[in-house]
Amino acid sequence: MGAATFLVGLLPTSNQIGLWAPVLLVVLRLIQGFGVGGEWGGAVLTAVEYAPKNRRGFYGSMPQVGVPAGLLLATAVMFGTKAVTGDQFLQWGWRIPFLLSIVLVAVGSTFAPLWKKPRPSPASRKARPRSRSHFSTHSARTPARSFSRRVR
């Protein structure tokens, strides 16, 4: 997602590559969306699993707060960029916040190895592991198997 955001700042204009400029923009935005969709579920799950039992709802809401917080930060950066670039904002100034996103990518890439091998969450440690025999005894009772036995 971060690379796609950075690449938006490097996109050629439609005067340079014609119809390909908006096509590439849509492709980069799709990549951003898929990236957010993939990360969001994991963020909510991790927040809830590691939360104290009586605070899971609150912790689970924190990823939801990240979206408006990010939008507020992005708006502030855009206003700051507009103030600095003035009349040139529409020509090239709008690219600066997208190019600055590489800093967030670098920070995330630096700290990502710390999260590669997480410790088991308290919730997963408390979960009772099921034996293989448990699944084999119940698999004969699935609706699909019951139906297939009736059809024969």
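1. Of the 152 residues in the protein chain, 14% are buried. The model under discussion is predicted. The accessible surface of the chain comes to about 12000 Å², and carbon and sulfur atoms account for 68% of that surface.

2. As regards secondary structure, the protein chain contains nine helices and zero strands. Read from the N terminus, the order of elements is α-α-α-α-α-α-α-α-α. Where contacts link residues at least 6 apart in sequence, 50% of them join residues at least 24 apart.

3. Helix α3 covers residues 20–49, that is, 30 residues. Its end C-alpha atoms lie 44 Å apart, which agrees with the expected span of 44 Å, because the expectation is based on 1.5 Å a residue.

4. Which residues of α3 are buried? They are Ala 21, Leu 28, Gln 32, Gly 35, Val 44 and Ala 47. The elements that cover these buried positions include α1 (2–8), α2 (14–17) and α4 (56–85).

5. Gly 35 merits a separate remark. This glycine is located in helix α3 and has a relative accessibility of 19%. Gly 35 therefore counts as buried, since the category requires a value under 20%.

6. How far apart are Gly 35 and Ala 4 in sequence and in space? The two residues are separated by 31 residues in sequence, while their C-alpha atoms are 9.4 Å apart. Ala 4 falls within the range given for α1 (2–8), one of the elements covering the buried residues of α3.

Key
Residues numbered from 1 in each chain as written. Predicted model: local features only at pLDDT ≥ 70, side-chain atom pairs only at ≥ 80, totals over all residues. Heavy atoms only, no water. Helix = DSSP H or I, 4+ residues; strand = E, 2+ residues; numbered from the N terminus. Expected span 1.5 Å × (residues − 1). Buried < 20%, exposed > 50% of the residue type's maximum accessible area, 1.4 Å probe, protein only. Contact = heavy atoms within 4.5 Å. Areas by Shrake-Rupley, 256 points an atom, 1.4 Å probe, with all protein chains shown as cover.
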